[in-house]
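This report goes through the fold of one protein chain, from helix packing to sheet, cysteines and annotated spans. The sequence and structure come first.

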Amino acid sequence: MAASPLPRWAPTPSPTRPLRVSSASQTAISSCSSWTVCSSLSSIFVPLFRRSAPPLPVDAPANGVDDDGDRVGCHPLDCVGARKRGHHPQEASPMVFLTWEDLTVTASSGRGNRAVILDRLSGCARPGEVLALMGPSGCGKTTLLDALAGRLGTDKKRTGDILINGRREKLAFGTSAYVTQETLLMATLTVSEAVHCSAQLQLPDTVPAAEKRARADRAIRQMGLATVAGSRIGGRVCKGISGGQRRRVSICVELLASPALVFLDEPTGGLDSAASLHVMGRIASLAREERMTVVAAVHQPSSEVFGLFHGLCLLAYGKMVYFGPAADAIEFFDANGYPCPLRRNPSDHFLTMINKDFEELEEGTTLTLPRAAEVIQTLVDSLISQRGSGMKNEAFTIKEGAPLAKKRQATFLTKCAVLTRRSCTNMHRDAGYYWLRFGIYIGICLSIGTIFFNVGNSFASIQARASMLMFTSTLLTMMSIGGFPSFVEDMKIFRKEQLNGHYDATAFVISNTLSSTPYLGIISIIPGAIAYYLTGLQRGFDHFVYFAAVLWACTMLVEGLMMIVAAIVPDFLLGIITGSGMQGLLMLNAGFFRLPSDLPKPIWKYPTYYMSYHKYATQGLYKNEFLGLAFEDLGGRGLTLNGEYILKTYLQVEMGYSKWVDLAILLAMVLIYRVLFLVTIKVGEALKPMINCISVKV
């Protein structure tokens with residue numbers, strides 16, 4: 001059979017866009033200009049609600065019904081069994097036309113200087129199409145996505161215009177979704193549980209629970225995850241599904257609400273070529289059917305994946321070297337003297353020509369390429385000169401469209417219930433969260449009970465009881481630092497889902513508090529009972545209940561403190577060091593190692609002593625233990641000391657109020673620390689860049 005004259009990389013006709021027929025007289029530059037000028041502006045903004053339906057897929061049945069009896073042409077995730085149930089899917093999202101002009105982003109580079117990350121970029125993304133952002137590593141693809149999505153950090157400064165349907169407005173929930181480059185999922189959940197929980201958070205309560213589950217199951221099948229639906233996602237805690245499958249779960253979760261604008265950062269990262277083609281094909285199909293606007297940063301797609309892109313924005317070190325139809329990029333390079341070799345992937349050719357990280361070639365190599373800096377400058381000059389001002393005149397003088405309305409989502413109570421249930425499942429399955437601590441607590445309390453076994457009522461038992469109570473209340477609560485890595489993972493997941501609008505900080509704090517309460521109760525009561533009764537502390541069930549309540553309040557309080565640290569400190573190792581230092585200072589001023597009267601009054605007595613929760617814990621436990629006891633001198637002198645005298649004279653406990661006031665102060669501090677945790681989350685974004693700068697300098 002004769003060899004085909006077509007190059008091997010030539011993609012098959014894409015089902016997501018019609019074939020382009022280029023005449024001999026049409027140059028690459030004119031084709032690029034026609035796309036960047038956005039020649040279809042009038043068809044997008046004038047008859048916005050009179051647009052004809054997109055063509056059906058090639059394999060769609062003629063009667064408009066697929067094999068499952070569902071309607072064809074509506075969103076596959078919205079029309080689950082719609083025909084069978086007679087239920088109409090949710091109202092479709094409004095179309096989004098995204099434009100940006102002279103977009104520049106700079107970041108602080110130290111010593112008052114600012115580095116330019118993006119340099120005067122202009123472009124547009126249209127409904128029903130996939131715009132690919134390509135370029136070498138570090139060229140600014142993720143920064144451009146963050147700028148367009150309104151997610152730039154406070155350490156970066158943006159200038160230029162970003163318009164949504166011709167208006168300057170923020171993206172509301174349901175109108176956009178962002179799939180980050182880093183896969184952040186709860187490792188202990190199964191694929192099915194993760195997607196179902198996300199559906200319950202994003203979809204309004206008016207959608208029946210059965211439909212939410214059906215929509216989630218359909219999304220799982222669409223992303224090729226049906227075979228691993230019952231498998232745990234995995235990560236730090238346990239081995240689970242592959243990295244590519246986790247990537248698909250992340251995409252699946254963000255597409256549940258059918259957003260009108262989707263940002264994808266490396267959607268094919270960790271996927272093989274077949275999975276990449278399937279995922280990008282599915283995304284392109286959704287863009288066509290639902291008129292979604294998709295902007296995807298792709299590192300190096302295969303030729304088949306490259307054939308799915310409608311538009312291409314090619315970046316090189318912050319500059320735009322090409323913007324236009326993806327199919328015309330080869331002609332653009334050819335017209336500027338850099339033709340793509342036959343049988344070569346066009347994306348490989350583009351990145352090779354504009355990558356100057358590896359220009360120092362090894363001796364003896366036969367590879368000869370033009371200097372990347374020269375190529376970049378040539379392409380940039382050509383793009384600027386040929387594009388002219390057509391895009392500015394048309395794309396940025398369009399009539400403003402209606403503002404985007406926020407989609408309905410689950411109520412606040414529903415979100416709290418779903419998040420609490422999800423957090424409880426995570427804490428139950430993550431051995432390092434509480435169960436490892438529970439085992440260590442039992443071992444430590446057994447050691448305490450055997451060392452202080454049956455201390456008795458002699459004078460020597462006074463110091464033994466005080467030491468046992470101080471050690472138990474400090475060490476067991478300080479062990480909460482061991483859960484800090486899990487706290488950091490929770491904070492990462494929360495920040496991602498908060499930015500995507502799934503829920504707010506208040507719901508997260510409430511659910512985290514409610515889910516941790518029973519586990520902290522278990523690890524306070526059972527190990528505490530072992531230490532309490534082996535030591536032979538004061539009999540009476542009410543005394544033990546108070547002892548366990550103080551331990552529970554202290555652990556709740558320390559967890560709140562460590563969550564505050566996790567919200568501020570970006571690294572778990574730095575967080576453990578910071579939390580340990582804070583605990584040590586509070587412990588040192590508790591009034592045990594130095595009696596309250598001996599503490600230096602500036603700083604250590606006022607206010608640190610009264611801020612330390614150890615002070616109220618130890619004094620409450622002292623009152624609970626010593627009041628009502630009498631201690632005899634075994635030396636034969638017949639002396640007897642009552643507990644109240646010991647509290648006042650030897651331990652210097654404040655006797656002006658009862659032990660229940662100490663417990664009430666601890667419970668109030670638990671509430672205060674949780675409120676501070678909430679406040680820290682809300683203001684933490686402003687402090688995080690400074691902390692990152694400090695950690696980098698160190």
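At what angle do helix α15 and helix α16 pack, and how far apart are their axes? In this predicted model, α15 (residues 431–451) and α16 (residues 460–478) pack at about 170°, and their axes are 12 Å apart. Since angles over 145 degrees count as roughly antiparallel, that is how α15 stands to α16. On the α15 side, the contact is made by Tyr441, Ile444, Cys445 and Ile448. The α16 side contributes Met468, Phe471, Thr472, Leu475 and Leu476.

**Overall content**

The protein chain has 24 helices and 13 strands. Of its 698 residues, 52% count as buried. Among contacts between residues at least 6 apart in sequence, 77% join residues at least 24 apart.

**The sheet and its helices**

Six strands make up an open sheet with mixed pairing, in the order β5-β6-β7-β3-β8-β9. The edges are β5 (176–179) and β9 (319–325); each has a single partner strand, so one side of each is left without a neighbour in the sheet. From one strand to the next, the twist averages 10°. Strands of a sheet pair through backbone hydrogen bonds, in either a parallel or an antiparallel manner.

Within this sheet, strand β3 (residues 130–134) runs parallel to strand β8 (residues 311–316), and four bridges join the two. Leucine 131 has glycine 311 of β8 as its bridge partner. Helix α11 (residues 346–354) packs on the sheet and touches β3, β8 and β9. The direction of α11 makes about 25° with that of β8. Helix α7 (residues 243–254) lies across β5 and β6 (261–265), and runs at about 170° to β5.

**Helix α4**

Helix α4 (residues 141–149) is mostly covered, with eight of its nine residues buried. The buried residues are Lys141, Thr143, Leu144, Leu145, Asp146, Ala147, Leu148 and Ala149. Glycine 150, just after α4, takes a positive phi of about 75°.

**Cysteines**

How many disulfides does a search of the whole structure find? The search finds zero. For cysteine 313, the closest cysteine sulfur is that of cysteine 139, at 8.8 Å, which is too far for a bond because a disulfide requires sulfur atoms within 2.5 Å. Cysteine 313 is buried, at 0% relative accessibility. Cysteine 554 is also buried, with a relative accessible area of 0%.

**Annotated transmembrane spans**

An unreviewed UniProt entry carries the annotation "transmembrane region" for residues 434–456, 468–488, 519–537, 544–566, 572–595 and 660–681. Two of these spans are listed below with their computed geometry.

| Span | End C-alpha separation | Helix | Strand |
|---|---|---|---|
| Residues 544–566 | 33 Å | 100% | 0% |
| Residues 660–681 | 32 Å | 100% | 0% |

Alanine 664 is found in helix α24 (residues 659–697). At 43% relative accessibility, alanine 664 counts as partly exposed, because that class lies between the buried limit of 20% and the exposed limit of 50%. The C-alpha atoms of alanine 664 and alanine 553 are separated by 9.5 Å, although the two residues are 111 residues apart along the chain.

Conventions. Residues numbered from 1 in each chain as written. Predicted model: local features only at pLDDT ≥ 70, side-chain atom pairs only at ≥ 80, totals over all residues. Heavy atoms only, no water. UniProt positions renumbered as here; feature names shortened; annotations may be inferred. Buried < 20%, exposed > 50% of the residue type's maximum accessible area, 1.4 Å probe, protein only. Pairing = 2+ DSSP bridges. Axes fitted to C-alpha atoms, helices over the stretch in contact; angles between N-to-C directions. Contact = heavy atoms within 4.5 Å. Parallel < 35°, antiparallel > 145°, perpendicular 65-115°, else oblique.
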